[in-house]
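I opened this entry to keep track of what I looked up. Helix packing comes first, then one residue, then the pocket.

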Amino acid sequence: MNLTWIVLFLILAPFVGGLICGLDRIVTARMQRRVGPPILQPFFDIIKLFQKERLRINGIQGFCVLSYLVLILVTGAIFFSGGDLLLVVFALMLAHVFLVLAGETANSSYSHIGAQRELLQVMSVEPMLILYAVAFYIVSGSFTVATIIEHGILGISYIWLLPGVFLGIAYIFTIKLRKSPFDLSTSHHGHQELVKGITTEMSGPTLGMYEIAHLYEVIIILGMIGIFFAGNPLLGLCVLVLLYFLEVFVDCSTARVKWQLMVQSSWLVIGLIAFVNILALSVFG
């Protein structure tokens with residue numbers, strides 16, 4: 001593992017993620033004809049949360065949220081140090097299992113419903129992430145992120161070979177960002193009718209840890225999408241900016257769907273686009 005990249009990820013990711021979320025809020029406000037908060041508002045919110053008194057719902061919730069944060073850090077460290085892509089997928093899944101447990105430990109029906117919906121979101125996302133790892137293995141011959149990036153730099157155009165997989169990842173990106181129409185378990189904006197879902201009973205430093213984990217996870221998902229453009233980083237950056245703008249636009253212009261539609265549409269996209277793409281690569285080389 002490359003220790004330098006691990007340190008850079010651990011230090012820089014929350015700051016970059018915070019700036020992205022700050023721009024997200026500003027763009028969202030402009031689309032709704034509001035002024036919006038300053039770009040540094042996510043940092044102000046987290047600092048304020050850690051200054052509040054630590055109120056423990058029980059002894060388990062804090063541990064589960066901390067485990068969620070630590071596993072997100074481990075996921076990012078593995079990915080950005082060029083580690084195994086399958087480990088990235090499984091570590092990310094395990095992180096959200098602990099988040100589900102954190103919601104289930106609270107004595108609140110809102111939190112329980114949010115936890116159940118979070119588990120449904122995991123079910124919607126994980127098959128696509130596994131296919132994502134398999135697709136890169138088929139194209140590059142390795143699950144190692146460093147090797148995948150190296151082959152991309154040497155000339156393999158992943159975006160042209162894996163357009164279906166890219167669309168699948170872009171589709172579940174909305175779920176990972178917790179944006180409408182798939183903000184079922186919780187949302188970072190004010191249009192959430194289920195109070196705050198899985199985070200309803202979180203407050204103070206516990207909620208602060210959750211928010212920090214979200215900033216790290218945004219960078220991880222953006223990095224996973226960026227691999228498609230390993231041979232052309234400038235094009236990749238432009239695509240990521242456009243994709244995030246589209247996510248904000250969709251968030252502001254759609255309402256939450258039922259969980260059945262989220263699961264069915266996610267698996268349908270995987271089946272008809274991503275899986276067909278992988279099948280074509282396997283058959284035609």
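Entry 1, helix packing. I looked up how α8 (residues 163–176) packs with α9 in this predicted model. Their axes are 11 Å apart and the angle is about 170 degrees. Angles over 145 degrees count as roughly antiparallel, so I noted α8 as roughly antiparallel to α9. I then listed the residues that meet: from α8, F166, I169, F173 and K176; from α9, H214, E217, I221, L222 and I225. By class, this contact has six nonpolar residues, one polar and two charged.

Entry 2, H96. Is H96 buried or exposed? I found a relative accessible area of 4% for H96, and because buried means under 20%, I entered H96 as buried. H96 is found in helix α4 (residues 85–105). Leaving aside neighbours within four places in sequence, I have H96 in contact with Y68, E118, V122, K176, R178 and E217. Two of these also appear in Entry 1: K176 in α8 and E217 in α9.

Entry 3, the largest pocket. I looked up its volume, and the space is about 1,100 Å³. The pocket is lined by 32 residues, and F80, I219, L222, G223 and L240 are the closest to its centre. Two or more lining residues come from each of α1 (3–31), α3 (59–80), α6 (145–153), α9 (204–226) and α10 (233–253). Which element gives the most to the lining? I found that α1 does, with 10 residues. I sorted the lining by class as 26 nonpolar, five polar and one charged. L222 links back to Entry 1, where L222 is among the α9 residues that meet α8.

Terms used
Residues numbered from 1 in each chain as written. Predicted model: local features only at pLDDT ≥ 70, side-chain atom pairs only at ≥ 80, totals over all residues. Heavy atoms only, no water. 1 Å grid on protein atoms, 1.4 Å probe; cavity = no way out; pocket = protein on both sides within 12 Å on 5 of 7 lines; lining within 4 Å. Points joined across faces, edges and corners; volume = space filled by probe spheres on them. Helix = DSSP H or I, 4+ residues; strand = E, 2+ residues; numbered from the N terminus. Nonpolar A, V, L, I, M, F, W, Y, C, P; charged D, E, K, R; others polar. Axes fitted to C-alpha atoms, helices over the stretch in contact; angles between N-to-C directions. Parallel < 35°, antiparallel > 145°, perpendicular 65-115°, else oblique. Contact = heavy atoms within 4.5 Å. Buried < 20%, exposed > 50% of the residue type's maximum accessible area, 1.4 Å probe, protein only.
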